[in-house]
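Here are my notes for you, written so you can follow along on screen. Keep the model open and click on each residue as it comes up.

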Amino acid sequence: MIDNYTQDEEVPVFQSILQMIDTLNTEAACREYLEAIRWGGEPCCAHCGHCHTGHYKLKQRGIFKGLYKCRTCRRRFTVTVGTMFEGSHIPLRKWFTAIYLFASHKKGISSLQLHRDLNITQKTAWFMLSRIRNSFSDRSSQKMDGVVQVDETYVGGRNANKAKPKQEKGTQGRSTKSKTVVFGLLSDGQVKTEIVPNTRGRTLKGVINDTVEEGSTVVSDGWVGYKGLHRMYQHRVIDHSKGSFMQDGYHTNSIEGFWSLLKRGIFGIYHVASAKHLQLYCDEFAYRYNTRHMPDGVRFILSLQGATHRLQYQELTA
């Protein structure tokens, strides 16, 4: 889950993207800003983990460009080693601009738009956005508790937009076979999503058991796949088929509102998301939803703190 950010006085919080661009107007300024966020003034070796202000600063033609040599293991490292910026030929200024735009736009930004804004190729923009999405993934094993709303939605091409030979019957609701099922859980304003193969009871209850603390209150609609939850949880059923959308103060309106944001973003900005990469898109929208009360500048810092995984192009396209 997303933890509350504690502001560091040494790391300025930008009020707008223009302020960020004006302040971080050189590669050295971007590097120093990233060092302040990741290291807090004490460089840490990416290889052995030793943090010390006395690591050797290696100069190139008399100029220090952020290359350190560890006092312990004697290996070289920079602040980008172990992050999604490692090995990238894209300047940090463009990376930071892309992250700020991506995190602050409520429905995201397409690779075509980013390639025009940053003067890079569309392929490069797509890879950058994929790395940023990957860094937004919630890898926390902390379970949800309290009142947890659960629901599923279906993402895929509209039947009316397909050529007639490719149109299929039964593409609406739970009868669809041509769309991808996304299962969502929402508690205390925080949402988690997971791509699932179907909406059978074994599948949905398996995800709930792995994600929700036993004894919590689970709120769902009347789908048969949720039957049996009362054995481990306090199960509240909102029967939408009978025109009921709230019962004793319980509802599933919040998770359904998140589905609205997800689908409007995919249909309006990205237009299409393959089943292979759909989880990354879901993680992206969940991240923005979970940090929706944060100022854009704080979300930008949080995004840089979480950029600790380097997604390889071969891994992305395999």
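The points below go from the whole chain down to single residues.

1. **Before you start.** Keep in mind that this is a predicted model. The chain has 318 residues, and 45% of them count as buried. You should be able to pick out 10 helices and eight strands.

2. **Overall dimensions.** If you line the chain up along its principal axes, the C-alpha trace spans about 75 × 50 × 35 Å. Now think about contacts between residues with a separation of 6 or more: 62% of these in the chain come from residues 24 or more positions apart.

3. **The surface and the charges.** About 16,900 Å² of the chain is exposed, with carbon and sulfur atoms supplying 47% of that area. Try colouring by charge, too. There are 44 positive and 29 negative side chains, and the centres of these two sets are 9 Å apart.

4. **Helix α2.** Have a look at residues 27-38, which make up helix α2. From first C-alpha to last, these 12 residues reach 16 Å, close to the 16 Å expected at 1.5 Å a residue. Its buried residues are A29, C30, R31, Y33, L34, E35 and I37, so the list includes charged residues such as R31 and E35 as well, by the rule that Arg counts as positive and Glu as negative. What do the buried residues of α2 pack against? They pack against helices α1 (17-23), α3 (92-104) and α9 (296-305), along with strand β2 (63-69). After α2 comes G40, which has a positive phi, near 65°.

5. **The disulfide.** How many disulfides does a search of the whole structure find? It finds one, and the partners are C44 and C51, with an S to S distance of 1.9 Å. As a reminder, a disulfide is a covalent bond between the sulfur atoms of two cysteines. The link of C44 and C51 is right-handed, with 110° about the S-S bond. C51 counts as partly exposed because its relative accessibility is 30%.

6. **A cysteine outside the bond.** C48 is in no disulfide; the nearest cysteine sulfur belongs to C70 and is 3.5 Å away. A disulfide needs the two sulfur atoms within 2.5 Å, so that pair doesn't make the cut. Is C48 buried or partly exposed? Its relative accessibility is 38%, so C48 counts as partly exposed. Compare C30 back in α2: C30 is buried, because its relative accessible area is 0%.

7. **A46 in its loop.** You'll find A46 in the loop between α2 and β1 (56-60). A46 counts as partly exposed because its relative accessibility is 39%. Which residues does A46 touch, leaving aside neighbours within four places in sequence? The answer is F77 and V81. T78 is worth clicking as well: A46 and T78 are 32 residues apart along the chain, yet their C-alpha atoms are separated by 7.9 Å.

8. **Helix α6.** Next, jump to residues 201-211, helix α6, where G201, T203, L204, V207, I208 and T211 are buried. Strands are part of what covers those residues, including β4 (147-155), β5 (180-187), β6 (190-196) and β7 (217-221).

9. **T180, to finish.** One residue of strand β5 deserves a click of its own: T180. Why does T180 count as buried? Its relative accessibility is 16%, so T180 falls under the 20% cut-off. Setting aside neighbours within four places in sequence, T180 is in contact with T153, Y154, V155, I195, A275 and L278.

Conventions. Residues numbered from 1 in each chain as written. Predicted model: local features only at pLDDT ≥ 70, side-chain atom pairs only at ≥ 80, totals over all residues. Heavy atoms only, no water. Helix = DSSP H or I, 4+ residues; strand = E, 2+ residues; numbered from the N terminus. Buried < 20%, exposed > 50% of the residue type's maximum accessible area, 1.4 Å probe, protein only. Contact = heavy atoms within 4.5 Å. Areas by Shrake-Rupley, 256 points an atom, 1.4 Å probe, with all protein chains shown as cover. Charge placed at Lys NZ, Arg CZ, Asp CG, Glu CD. Expected span 1.5 Å × (residues − 1).
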